[in-house]
Amino acid sequence: MIARTQDYRDAVVIGAGPSGLAVARELEHKHGVETIVVDRAAAPAFSWRTRYDNFRLNTTGFLSHLPGQRIPLTAGRWPTRDDMVRYFDDYVARQHIKLELGCTVNEVVPAAGGWLLETSSGAIRTRAVILATGNYRTPTIPPWPGLSQFTGEVVHSGNFKNAWPFRNRDVLVVGAGNSAADIAVQLANNGARRIWLAVRTPPHLVRRAIGPLPSDILLELFAWVPAKAVDPIIGLSERLMWGDLSPYGFGRPPAGLKATVEQTGRIPTLADELIAAVRAGRVEVVPAVEAIEADRVILADGSGPSPQVIIAATGFSRDLGGLVGQLGVLDARGGLPGGFASHVGNGMFAIGYGIPPNGPLRAIRRAASPLAREVAAHLAAASCATAVHA
Ligand SMILES: Cc1cc2nc3c(=O)[nH]c(=O)nc-3n(C[C@H](O)[C@H](O)[C@H](O)COP(=O)(O)OP(=O)(O)OC[C@H]3O[C@@H](n4cnc5c(N)ncnc54)[C@H](O)[C@@H]3O)c2cc1C
């Protein structure tokens with residue numbers, strides 16, 4: 001059961017996804033700070049349990065673990081959804097992470113000596129709060145003109161489980177990231193009739209691995225080289241890798257790969273199977289969606305395909321407004337200042353917001369330890385201040 005209002009926790013993490021689990025582990029193991037992780041879901045790492053059936057990591061399993069425990073080698077180079085769920089469950093058990101599940105935090109409010117969390121299970125007071133509610137909290141679909149008149153089905157990629165419901169149907173997938181590519185390939189392999197892939201900005205397309213080396217490890221090698229030095233080399237290798245893809249609808253991306261990641265947060269798309277499906281004519285790459293009518297979609301080139309289903313792989317929002325918006329800590333775009341992990345102020349910390357170039361899981365592992373150190377230092381300083389005033 002959750003502590004009642006009069007009890008102060010040392011640290012409460014909101015969110016039992018990889019970020020929250022990693023920070024909780026570091027706080028307990030390295031700093032002896034008693035930490036509880038609350039989550040609105042009924043199980044930890046819930047976003048991983050709901051990923052689509054054929055999901056595989058697009059970062060290598062060897063580098064995608066949390067602090068203190070590797071993903072078992074039996075999961076191979078590209079662990080599946082089920083491998084990852086097993087891994088996170090085992091992480092909770094072996095790292096002795098204390099969870100309070102089915103507990104939604106509605107608002108974080110300043111309180112004397114720390115924070116008060118208004119939750120569905122009552123109020124919790126804590127000296128330090130760590131926001132780890134995820135960069136991918138709420139599915140977003142662009143407000144396309146006419147969307148409400150569409151008579152077909154609209155599905156967000158976050159709700160796509162497998163291709164079965166779309167057999168023998170014409171489907172427009174919107175987006176050019178990894179989810180869009182995976183979904184288009186699954187539709188092509190599992191009997192959808194016609195598949196269009198609507199792309200606004202041409203993505204950087206990379207292979208999952210080049211020879212024995214996974215692409216994300218190769219990109220890691222370039223981590224310290226400036227974009228203007230490395231991008232021409234990557235651009236050349238992309239052209240050698242795929243040839244000219246413009247006849248298939250994939251134009252040249254407007255900026256180099258590393259510059260794109262740094263400036264826009266868009267990571268490259270793993271495209272081995274997608275390019276094969278496009279070349280085989282199973283997936284047709286088309287321009288961006290401009291508007292929607294009852295039975296057709298108007299694209300940027302004026303054409304108007306008539307899908308029965310639109311699958312919007314159009315991203316997610318962090319949706320932090322309700323939780324902390326009233327504190328004035330969010331920037332104009334609803335984000336938290338300070339990068340992927342930070343001390344927002346007064347004992348409120350955050351991790352997992354932002355898109356790191358070479359894999360969020362790796363970034364979580366790297367950021368969790370320094371953040372836990374900051375939390376522990378804050379608690380130590382706060383308890384000194386209390387002792388002096390007493
Ligand atoms: C389709 C997809 C594929 C990805 N593939 C990879 C990959 O291959 N490699 C990689 O490195 N990264 C990948 N990522 C990115 C990233 O690693 C994951 O999204 C990861 O789960 C982020 O962890 P997190 O803990 O920050 O957020 P989440 O996993 O989203 O966890 C946040 C938790 O907070 C809880 N929560 C939210 N609001 C509240 C509230 N108000 N009260 C209580 N609990 C709340 C949620 O229930 C959730 O359990 C992928 C992301 C997506 C969407």
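How far does a backbone N or O atom of arginine 40 lie from a nitrogen atom of the ligand? I looked this up before anything else and got 3.1 Å. I'm keeping in mind throughout that this is a predicted model.

**Ligand, backbone contacts**

I went on to the other backbone atoms facing the ligand. Valine 105 puts a backbone N or O atom 2.9 Å from a ligand nitrogen. For proline 18, the partner is an oxygen atom of the ligand, and the distance to the backbone N or O atom is 3.1 Å. I then checked how much of the ligand is covered: on its own it exposes 990 Å², and the protein buries 93% of that.

**Ligand, the shell**

I counted 27 residues around the ligand, and the ones that come nearest are Ser19, Asp39, Trp48, Asn58 and Leu361. By residue type, the shell splits into twelve nonpolar, eleven polar and four charged.

Which helix gives the largest share of the shell? That's α10, with three residues. I also noted the helices that supply at least two residues each: α1 (18-31), α2 (46-49) and α10 (360-389).

**Strand β2**

Asp39 turned up among the nearest residues, so I had a look at its strand, β2, which spans residues 35-39. Five of the five residues in β2 are buried. I sorted their directions: Thr35, Val37 and Asp39 point one way, while Ile36 and Val38 point the other way.

Next I checked the neighbours of β2. Strand β1 (residues 8-14) runs parallel to β2, and four bridges join the two. In that pairing, alanine 11 has threonine 35 as its bridge partner. I traced the connection too: β1, α1 and β2 form a β-α-β unit, and it is right-handed. α1 also came up above as a helix that supplies at least two residues of the ligand shell.

β2 pairs with strand β3 (residues 98-101) as well, again in the parallel sense and over four bridges. Here I found valine 38 opposite glutamate 100 of β3.

**Glutamine 186**

I moved on to some single residues in helices. Glutamine 186 is in helix α4, residues 178-189. Buried or exposed? I have glutamine 186 down as buried, because its relative accessibility is 7%. Its side chain makes a polar contact with the side chain of asparagine 54, at 3.5 Å.

**Lysine 258**

Lysine 258 belongs to helix α7 (residues 257-264). Why does lysine 258 count as buried? Because its relative accessibility comes to 14%, and the cut-off for buried is under 20%. I wanted to know what a polar atom of this side chain faces, and found the backbone oxygen of valine 225 at 2.6 Å.

**Valine 324**

Valine 324 is in helix α9, residues 321-324. I read a relative accessible area of 0% for valine 324, which means it is buried.

How far apart are valine 324 and isoleucine 71 in space? I get 34 Å from C-alpha to C-alpha, with their positions 253 residues apart in sequence.

How values were computed. Residues are numbered from 1 along each chain as its sequence is written. This is a predicted model: local features need pLDDT of at least 70, side-chain atom pairs count only at pLDDT 80 or more; totals for chains, interfaces and linings use all residues. Side-chain values use heavy atoms; hydrogens and water are left out. A residue is near a molecule or strand if one of its heavy atoms lies within 4 Å of it. A polar contact is a pair of N or O atoms within 3.5 Å; within protein, one must be able to donate a hydrogen and the other to accept it, and residues adjacent in sequence count only if both atoms are side-chain atoms. Accessible areas come from the Shrake-Rupley method with a 1.4 Å probe; for residues, only the protein chains shown count as cover. Ala, Val, Leu, Ile, Met, Phe, Trp, Tyr, Cys and Pro count as nonpolar, Asp, Glu, Lys and Arg as charged, and the others, Gly among them, as polar. Buried means under 20% relative accessible area, exposed over 50%, partly exposed in between (1.4 Å probe, protein chains only). Two strands pair if DSSP finds at least two bridges between them. A crossover is right-handed if, with the strands pointing away from the viewer, the path from the first strand over the helix to the second runs clockwise.
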